[in-house]
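Subject: Structure handover

Hello,

Here is the structure I said I would pass on. Please open it first; my notes on the ligand site follow below.

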Amino acid sequence: MLFRKALRHRNVEMITGEVSAIRREGDRVTGVTLADGESLDAGLVINAAGPNAGRVAAFAGLVLPVEPRKRSVFVFEARERFEDMPLLVDPSGVWVRPEGSVYITGGAENEDGEGPADPADFDPDWSLFEEVVWPTLAARIPAFEAIRPGRAWAGHYEYNTLDQNAVIGPHPEVQNFVFANGFSGHGLQQAPAVGKALAELIVHGAYRTVDCSPFAWQRIADGRPFRELNVI
Ligand SMILES: Cc1cc2nc3c(=O)[nH]c(=O)nc-3n(C[C@H](O)[C@H](O)[C@H](O)COP(=O)(O)OP(=O)(O)OC[C@H]3O[C@@H](n4cnc5c(N)ncnc54)[C@H](O)[C@@H]3O)c2cc1C
């Protein structure tokens, strides 16, 4: 919202609509079609569609290994307060941190054999909380044996099945189709740098302040993972 607000006084036209098709002529994309039928010509298209990025890439006939994977966040109260408690990550993947007067927790989804989530499914996985998250918290932090679960929500990671890492920059063959995808659950903290890097690439033809070339699409074409290990 802050970025959007900052754009208000610049020469930017914001359009709201769902891209339902991308026009491609050979090694160039030439525009997009919106779900309401409107057609927009484009000299350059950026795929920033989050968990939906694989589907959007497919509109141009490209296979981007990014799919939605559901992840849940659970709120709980505990009698004991640890106000200076940092974010803790258990080796199982369960994480917990204070959030104002309550705590939030999640993690430890079983990724073995996990496939794409239903993009319309936003129901928190309460069985994960009861069977994995809470027992892990109780074993790790005795004060969390007796807690009061509160509300919960679920969202979708934009999961890159190759290496859980971002795909940034143009497609090697379709050069005017640019990607900012596959952040696999750590994209919020990377967003400002990625936006700046891509802006530089588009305006100046090269990265200037942040070199994002290790994240280029070419590694997907080569099947060469650039694995992110520190993910929860
Ligand atoms: C439970 C949970 C916890 C997370 N915690 C963290 C965290 O602690 N730290 C962190 O850094 N990251 C975290 N993330 C990940 C972070 O939210 C994402 O990495 C980040 O939002 C990705 O940004 P994005 O702009 O690429 O995609 P999104 O934020 O998903 O935005 C994509 C946008 O594209 C739009 N879109 C999709 N398809 C189309 C289409 N066909 N036409 C037009 N528009 C379309 C969508 O409506 C959406 O507005 C978390 C994610 C989840 C689910």
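The strand β9 gives 4 residues to the shell around the ligand, the largest share. Keep in mind that this is a predicted model. The elements that give two or more residues to this shell are β5, which spans 66-78, and β9, which spans 147-160.

In total, 21 residues surround the ligand. Val19, Asn52, Glu158, Gly187 and Gln189 are the closest of them. Sorted by class, the shell holds 9 nonpolar residues, 9 polar ones and 3 charged ones.

Where does the ligand lie with respect to domain 1 and domain 2? Domain 1 covers 16-65 and 162-222, while domain 2 covers 68-160. Both domains give residues to the shell, so the ligand lies between them.

Three contacts with the ligand can be looked up in the model:

- Glutamate 158 has a polar side-chain atom 2.4 Å from an oxygen atom of the ligand.
- Valine 19 has a backbone N or O atom 2.8 Å from a nitrogen atom of the ligand.
- Alanine 48 has a backbone N or O atom 3.5 Å from an oxygen atom of the ligand.

As for how much of the ligand is covered, its accessible area on its own is 1,000 Å², and the protein covers 60% of that. The space that the ligand takes up is the largest pocket.

Regards

Note on methods:
Residues are numbered from 1 along each chain as its sequence is written. This is a predicted model: local features need pLDDT of at least 70, side-chain atom pairs count only at pLDDT 80 or more; totals for chains, interfaces and linings use all residues. Side-chain values use heavy atoms; hydrogens and water are left out. A residue is near a molecule or strand if one of its heavy atoms lies within 4 Å of it. A polar contact is a pair of N or O atoms within 3.5 Å; within protein, one must be able to donate a hydrogen and the other to accept it, and residues adjacent in sequence count only if both atoms are side-chain atoms. Accessible areas come from the Shrake-Rupley method with a 1.4 Å probe; for residues, only the protein chains shown count as cover. On a 1 Å grid over the protein atoms alone, a cavity is a set of points where a 1.4 Å probe fits but cannot get out, and a pocket is an open set with protein on both sides within 12 Å along at least five of seven lines; lining residues have an atom within 4 Å of a point. A molecule sits in a cavity or pocket if more than half of its atoms lie within 2 Å of its grid points. Ala, Val, Leu, Ile, Met, Phe, Trp, Tyr, Cys and Pro count as nonpolar, Asp, Glu, Lys and Arg as charged, and the others, Gly among them, as polar. Domain bounds come from an automatic or database domain assignment.
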